[in-house]
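Have the model open beside the text. The paragraphs below go from the whole chain to helix packing, then to single residues.

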Amino acid sequence: MPRNRVQHQKGLSDDAFERLYPDEEACRMAWFTWRWPEGFKCPRCATTEYCEIRDRQLLQCRRCRYQTSLIAGTILQGTKLPMRVWFRAMHLLAQGKKGLSNIELGRRLGISTNAAWRVQHKLMQAMIERDRRYKLGAAGPRIEIDDAYIGGERTGEGAGRGRRGHTPFIIAVETSADGRPLHARLQVVRGFQTGETKRLCMGVQAGTTVVSDGGQWFRCIAEQPGIRHERHITGSDRAAARHPAFRWANTMLANIKNSLLATHRVVDAKHLPRYLGAFAWRFNRRFVLKTIHERLAIAATATPPMPYRLLKLAEARWLHARTAFRAI
Ligand SMILES: [Zn+2]
């Protein structure tokens with residue numbers, strides 16, 4: 001990434017963070033505002049009047065008497081951890097350019113490694129679901145895409161998924177007309193197949209130009225409605241890596257590999273979509289470091305609960321369950 005205001009931009013310091021959210025009450029108030037920016041609304045009857053049942057930390061609708069809580073219906077549902085621990089986790093995970101391992105996160109939060117794993121994966125889930133709502137090309141006219149492999153740390157995983165132990169994914173970087181990178185999407189794929197390219201194109205705004213190399217699985221781009229295809233036949237992988245048309249996709253790939261290796265000793269292939277999603281989410285908010293924890297919190301308030309039994313599954317399996325959930 002260019003050495004510009006991103007690297008010199010200051011985020012929110014730990015001190016400033018502690019001053020903003022000194023105790024449980026401050027965190028609860030902030031969460032309330034993020035969840036209901038226009039004021040409380042009963043999930044059952046949409047009435048705006050409520051009373052608080054303090055000792056049980058519940059909100060009760062004045063009309064239908066339905067009881068809910070600040071975290072019910074959100075990704076935090078079911079947690080026994082204080083709100084303040086979640087806030088600290090959001091601060092740490094959103095700010096850190098490279099992310100944190102769950103061991104380090106647990107140590108910083110004073111909770112077990114297993115509890116830290118759940119906190120981290122739930123917040124990464126909020127990141128990935130938030131970014132999937134964004135249509136690539138909404139801000140810039142051009143998207144460069146490239147295929148990549150990552151991993152191999154756990155050999156034997158992912159039989160039939162390309163090279164053994166390597167997980168294939170597509171890097172898509174939206175750029176401005178003058179070639180600056182704006183937004184990135186990292187999509188883990190079953191293999192480099194036409195179907196996966198089409199899936200990526202479904203998340204692309206009409207009128208966008210998609211730039212790719214000569215790969216067979218990219219040929220279908222030209223047939224996608226509203227999308228222009230700019231194809232560069234580059235020859236070999238190494239030639240493609242030097243080709244200026246894929247400058248940002250290549251820079252991004254190098255950064256991802258460095259970041260994941262530096263932070264996580266082992267990345268379980270089945271959870272790679274979430275690690276990549278978190279990386280892209282942070283990249284996409286690199287200009288707003290001061291408020292990035294707020295953005296993560298707002299995403300968390302809008303993300304439905306994800307029980308551990310789903311959280312531990314591979315993406316292909318939770319994706320179906322999540323789609324069914326949202327359809328309700
Ligand atoms: Zn009600």
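Among contacts between residues at least 6 apart in sequence, 58% join residues at least 24 apart. This is a predicted model. Its secondary structure comes to 13 helices and eight strands. The protein has 328 residues, and buried residues make up 34% of them.

Start with the helix packing. Two packed helices are described by the angle between their axes and the distance between the axes. Take helix α3, residues 24-35, and helix α11, residues 292-301. Their axes lie 9 Å apart, and the packing angle is about 65°. The range for roughly perpendicular runs from 65 to 115 degrees, so α3 counts as roughly perpendicular to α11. The crossing of α3 past α11 is right-handed. Which residues make this contact? From α3 come W31, W34 and R35; from α11 come E294, A297, I298 and T301. By class, the residues of this contact of α3 with α11 are four nonpolar, one polar and two charged.

Now follow α3 to another partner, α4. The axes of α3 and α4 come within 8 Å and cross at roughly 70°. That angle makes α3 roughly perpendicular to α4. Here the crossing is left-handed. On the α3 side, the contact is made by E24, C27, R28 and W31. On the α4 side, M83, R84 and F87 take part. This contact of α3 with α4 has four nonpolar residues, no polar ones and three charged ones. Note W31 of α3: it appears in the contact with α11 and in the contact with α4.

Turn next to helix α7, residues 194-202. Which residues of α7 are buried? They are T197, L200 and C201. These three cover an arc of only 100° around the axis, so they sit on the same side of α7. What do the buried residues of α7 pack against? Their partners are the strands β5 (166-175) and β6 (181-188). The face turned away from the buried side carries exposed residues, G195 and M202.

Loops come next. T74 is found in the loop between β3 (67-68) and α4 (83-95). Is T74 buried or exposed? The cut-off for buried is 20 or more other C-beta atoms within 10 Å. T74 has 22 other C-beta atoms within 10 Å, so T74 is buried. Leaving aside neighbours within four places in sequence, T74 is in contact with A300, T301, T303 and P305. One of these, T301, is also among the α11 residues that meet α3. T74 can be placed against A126 as well. The two are 52 residues apart along the chain, and their C-alpha atoms are separated by 9.6 Å.

Finally, look at F287. This residue is found in the loop between α10 (272-284) and α11. Is F287 buried or exposed? A residue is exposed if 12 or fewer other C-beta atoms lie within 10 Å of its own. F287 has 11 C-beta neighbours inside 10 Å, so F287 counts as exposed. Along the chain, F287 and K10 are 277 residues apart. Their C-alpha atoms are separated by 9.8 Å.

Methods: Residues numbered from 1 in each chain as written. Predicted model: local features only at pLDDT ≥ 70, side-chain atom pairs only at ≥ 80, totals over all residues. Axes fitted to C-alpha atoms, helices over the stretch in contact; angles between N-to-C directions. Helix = DSSP H or I, 4+ residues; strand = E, 2+ residues; numbered from the N terminus. Parallel < 35°, antiparallel > 145°, perpendicular 65-115°, else oblique. Left-handed = near helix turned anticlockwise from the far one by under 90°. Contact = placed C-beta atoms within 7 Å. Nonpolar A, V, L, I, M, F, W, Y, C, P; charged D, E, K, R; others polar. Arc of directions from axis to C-beta.
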